[in-house]
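Visitor: I have a two-chain model open and would like to learn how to read it. Could you walk me through it?

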Amino acid sequence: MAADLEIKKDVTILFAGDSGDGMQLTGGQFTDTAAFLGNDISTFPNFPAEIRAPQGTVAGVSGYQLNFGSVNLYTPGDYCDVLVVMNSAALKANIHNLKKGGVIIANKAGFDKKNLRLAKYKDDSNPLEDGSLDNYKVHEVDVTKITKETLTNSGLSSKIIDRCKNMFVLGFLYWMYNRKLDNTIKFIETKFKGKKDIIEANIAVLKAGHNYGDTAETFTTRYEVKPANIAPGTYRNIIGNEATAIGLIAAAKKSKLDLFYGTYPITPASDILHTLSKHKNFNVKTYQAEDEIAAVCAAIGASFAGGLGITASSGPGIALKGEAIGLGVIFELPLVVINVQRGGPSTGLPTKTEQSDLLQAFYGRNGEAPMPIVAANSPSDCFFAAYEACRIALEHMTPVFFLSDGYIANGSEPWKVINSDDLDDINVNFAGPRNEEDEAFLPYKRNEKLVRPWAIPGTKGLAHRIGGLEKENETGNVSYDADNHQLMTDIRQAKIDKIADYIPLQTIDSGEEAGDLLMLSWGSTYGVVKTAVKIALKEGKKVSHVHLRYINPLPKNLGEILKRFDKIIVPEMNNGQLVKIIRAEYLAPAEGFSKVKGLPFATEELTAKINDTLSTVNA
Amino acid sequence: MAVEVQNKKLTSKDYATDQDVKWCPGCGDYSILKQVQTVFAELGLERDETVFVSGIGCSSRFPYYMNTYGVHSIHGRAPGFAAGIKAINPDLNLWLISGDGDSLSIGGNHFIHLLRRNIHLNLLLFNNQIYGLTKGQYSPTSEKGKITKSTPFGSVDHPFNPAALALGADSTFFARSIDRDPKHMREVLLRAEQHKGTALVEIYQNCNIFNDGAFFTFSDKSTKSDNVLVVKQGEPLIFGKENEKGIVLDGFTPRIVNINETSADDLWIHDETDRVKASILSRFFDDNANDENALPRPFGIFYSETRSTYEQEMLAQLDKHIESKGEGNLDSLLKGNNTWDIKGK
């Protein structure tokens with residue numbers, strides 16, 4: 001019996017299993033294949049902090065959610081249409097994410113007595129049998145058993161055979177969504193190059209999964225998701241941290257500087273280091289320091305010597321770097337500080353996402369130490385935001401914060417490949433050599449941007465000293481003079497404020513120039529706010545969306561934009577940090593909308609907030 | 001007609017800045033500054049090719065007084081800056097100036113990692129066994145029982161032995177000198193400058209305000225000769241008023257002998273390439289100087305070995321990678337390995 005083919009606009013699948021079950025890889029492969037066929041996609045990997053939490057427990061569940069469609073997508077979806085669970089713990093952890101009436105594909109072997117007990121189901125009651133899933137379409141598949149049978153004669157150990165079972169699931173999902181296996185077969189052949197038996201085993205299981213759809217007559221419908229209306233061009237898939245790394249390399253190339261990346265491993269920032277350390281043929285110098293402080297100090301040292309100094313961490317590491325970043329501010333040297341934010345405070349939720357380090361970026365240093373702040377809004381935007389952070393650091397001789405977060409750092413999306421010629425130039429001028437008869441070099445004499453010269457050691461006649469002590473205007477000599485300290489404090493602030501003249505004016509992302517309600521967002525909430533505003537606009541509501549990339553200094557026209565709306569809502573994955581800045585800066589009646597659960601907003605949460613707010617405006 | 005350019009030979013004064021030196025009158029730091037400037041003039045080192053980096057503390061004001069490039073950084077972190085500077089420009093002549101608090105307390109972690117990495121630089125550790133800039137608290141090298149503002153009943157901490165710590169961290173060069181013996185300091189600094197890698201020189205430095213006389217045993221005429229052992233490559237370990245005392249090794253245990261009663265062949269001959277002997281030498285530290293059989297305190301170069309530097313290794317790896325893969329192409333990096341084309345509808 002051939003299954004019917006049903007057309008879907010977009011589908012959300014959540015793959016969930018033990019952290020050793022290969023769910024990230026399975027989701028990643030499905031994503032690549034969907035992108036390859038022209039679907040728009042948005043993904044959300046969600047995994048535990050422990051590398052291999054006890055098998056079968058809820059704590060050890062790793063998930064990969066992906067939303068693919070024939071329409072443009074900006075979020076990985078609030079709820080999933082299909083939930084794939086490799087064991088009972090994965091079901092328990094994720095059932096609340098499944099739409100009513102949604103499909104569950106359950107690996108039968110993961111629901112035996114032992115697994116039920118580990119997942120702490122009451123009295124070992126099996127949800128597949130006790131009627132608790134009556135609102136869903138449940139398909140039990142004995143993935144473990146069929147995988148074993150497929151590979152009976154492979155000669156592989158049972159451990160290796162067991163590790164192939166994610167390929168069965170993937171093959172089956174490919175059948176369900178009418179996808180070809182070519183892309184993944186190519187991937188398997190590359191990944192396991194030189195291991196013929198492993199390649200054959202994985203491909204055999206992948207095919208077995210695909211065939212299962214045809215032969216097991218329980219599946220009556222297959223789905224088709226047509227290509228999305230995406231601008232023509234060449235595309236690649238990109239993960240946020242990878243985009244950040246490439247953005248840094250591009251900035252170094254364009255500014256003709258050596259990239260120095262001083263860092264200490266920390267979740268979720270380490271993948272930037274992993275990516276950069278592979279690209280040493282771009283003269284990328286990665287330095288895994290003994291701690292966070294040494295890492296940032298090395299980056300500042302690199303900048304002093306004429307390199308592009310960059311350091312990265314997440315909140316806890318940024319806290320440690322605070323003193324050195326302040327030194328960078330008084331040194332007035334280029335430095336990019338990347339914070340891939342995660343749940344806090346303290347160690348908090350290392351693998352979960354949050355935007356709660358914004359005020360840390362603003363104020364997390366002793367003394368008056370202003371810094372520009374740039375935030376990325378999506379995985380691919382990490383490229384542009386990182387590039388822009390480097391540009392500002394180099395052209396304005398200042399440390400710059402680049403904020404990303406766990407959600408976009410690990411998430412992926414299709415990215416239209418750009419050409420290096422399309423990138424803005426980055427202008428770097430080192431101070432030139434001097435002879436003895438020339439007038440004395442003044443390391444803190446400024447240009448029209450209030451920027452001091454970058455005088456690198458090894459340049460004749462420019463020997464000078466810089467330090468953390470307050471310095472005399474122009475000469476840079478140590479000064480304890482009261483009026484001079486006021487002057488230097490004012491100049492350092494004015495220099496950062498002046499960057500507003502060199503960044504684009506704020507634009508409205510969607511909606512009209514004026515209206516009842518403005519949704520004002522920053523960072524990784526971009527996609528979900530855009531989606532919610534799109535829904536509201538379709539319903540004829542007078543809602544607009546402004547999304548900030550530059551948070552310090554703010555775009556010069558932002559104050560004017562804010563005045564044109566009756567209400568301003570600032571949704572943030574923190575307890576209201578940008579909203580404080582906006583209220584302080586503009587005395588605008590902005591209201592915060594907070595979520596601090598380590599998870600991104602759901603579209604429906606924002607839609608509800610928009611509707612609530614409008615009901616008070618229109619009342 | 002060719003113009004003859006004559007390079008003016010710089011004097012030690014040419015390495016001084018126009019800034020007033022603000023250490024307390026009588027501070028041992030003056031002597032160290034003078035010797036560094038002397039060595040620079042003697043070797044004709046380029047001001048524009050030199051960087052002094054320091055942390056925080058009295059000693060760390062040093063860069064302000066050297067007419068070279070200078071970085072007065074934050075407490076204990078000078079080694080971090082050094083790593084970045086050398087990675088970008090390995091040709092710079094780099095000097096780190098630090099104190100016992102800066103290197104052994106707040107910067108202890110960076111100190112040991114710098115030594116194991118062996119970045120090519122000279123690290124001068126001004127050891128005055130006290131916190132000076134914060135006005136007189138005990139330091140990690142203060143002797144146990146030290147009475148200071150923060151330890152009115154005496155400190156209960158066991159102190160660090162900088163030589164043993166450095167050798168334990170696989171330092172490739174360790175030497176000790178003292179502010180009151182400028183001639184010795186000059187010799188040691190010249191050797192440190194020649195060393196490829198991290199050359200660590202511990203300098204006993206008198207803080208005449210908060211810890212006056214901490215090292216007088218090793219500088220005062222009446223006690224010096226019985227308590228100071230100057231080690232020289234290839235020469236026997238001899239000390240004493242009449243050079244009458246020598247050291248022999250009994251297994252791994254050093255013993256003081258009267259050289260007139262011992263065969264010259266039995267005396268310990270100093271070999272700065274011998275890690276085991278250097279390690280034993282580093283333990284000439286534990287005895288109370290007042291004990292009759294106390295081992296003298298060694299000065300000079302304890303240990304020196306040649307090991308590739310961090311920046312050499314880093315750059316070699318870069319070159320190798322470029323050689324095998326070619327100079328990175330930004331456009332192919334932007335494109336990645338797996339692309340697909342979307343055609344217009």
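**Reading the model**

Guide: Let us begin where caution is needed: residues 1-6 of chain B have pLDDT under 50, and the model has zero contacts beyond four places in sequence for them. Here pLDDT is the predictor's confidence in each residue, from 0 to 100, and two residues are in contact if their C-beta atoms, placed from the backbone, lie within 7 Å. This is a predicted model, in which local features need pLDDT of at least 70, side-chain atom pairs count only at pLDDT 80 or more, and totals for chains, interfaces and linings use all residues. Residues are numbered from 1 along each chain as its sequence is written, while chains are lettered from A and ligands numbered from 1 in the order in which they are written.

Visitor: How should I treat such a low stretch, and what is the mean pLDDT of chain B?

Guide: Where pLDDT is low, the predicted coordinates should not be read in detail. For chain B the mean is 95, with 97% of its residues at 70 or more. For the complex, the predictor gives an ipTM of 0.97 and a pTM of 0.94.

Visitor: Which elements of chain B touch chain A?

Guide: The contact involves 53 residues of chain B and 64 residues of chain A. Elements giving two or more residues on the chain B side include strand E2 (69-72), helix H2 (78-88), helix H4 (108-117) and strand E14 (339-342); helices and strands are DSSP runs (H or I, at least four residues; E, at least two), numbered from the N terminus. H2(B) gives the most, nine residues. By class, that side has 22 nonpolar, 20 polar and 11 charged residues, where Ala, Val, Leu, Ile, Met, Phe, Trp, Tyr, Cys and Pro count as nonpolar, Asp, Glu, Lys and Arg as charged, and the others, Gly among them, as polar.

Visitor: In what sense do E9 of chain A and E14(B) pair?

Guide: Two strands pair if DSSP finds at least two bridges between them. Strand E9 (residues 233-239) of chain A and E14(B) do so in the antiparallel sense, over four bridges. One partnership to look up is Tyr235(A) with Trp340(B).

Visitor: How do H2(B) and H4(B) pack?

Guide: Two packed helices are described by the angle between their axes and the distance between the axes. Axes are lines fitted to C-alpha atoms, for helices over the stretch in contact, and angles run from 0 to 180 degrees between N-to-C directions. H2(B) and H4(B) pack at about 40°, with axes 8 Å apart. Pro79(B), Gly80(B) and Ala82(B) of H2(B) meet His110(B), Phe111(B), His113(B) and Leu114(B) of H4(B). These residues divide into four nonpolar, three polar and no charged.

Visitor: And in chain A, what is the order of the open sheet of four strands?

Guide: The order is E19-E18-E21-E22, with parallel pairing. Strands E19 (543-548) and E22 (590-594) are the edges, each pairing on one side only. E18 (residues 515-522) and E19(A) share six bridges, with Leu520(A) partnered by Val546(A). Helix H17 (residues 526-538) of chain A lies across E18, E19 and strand E21 (565-572), running at about 165° to E19(A).

Visitor: How many helices and strands does each chain have?

Guide: Chain A has 20 helices and 22 strands, and chain B has 10 helices and 14 strands. The C-alpha trace of chain A spans about 90 × 65 × 50 Å along its principal axes, and that of chain B about 100 × 65 × 50 Å.
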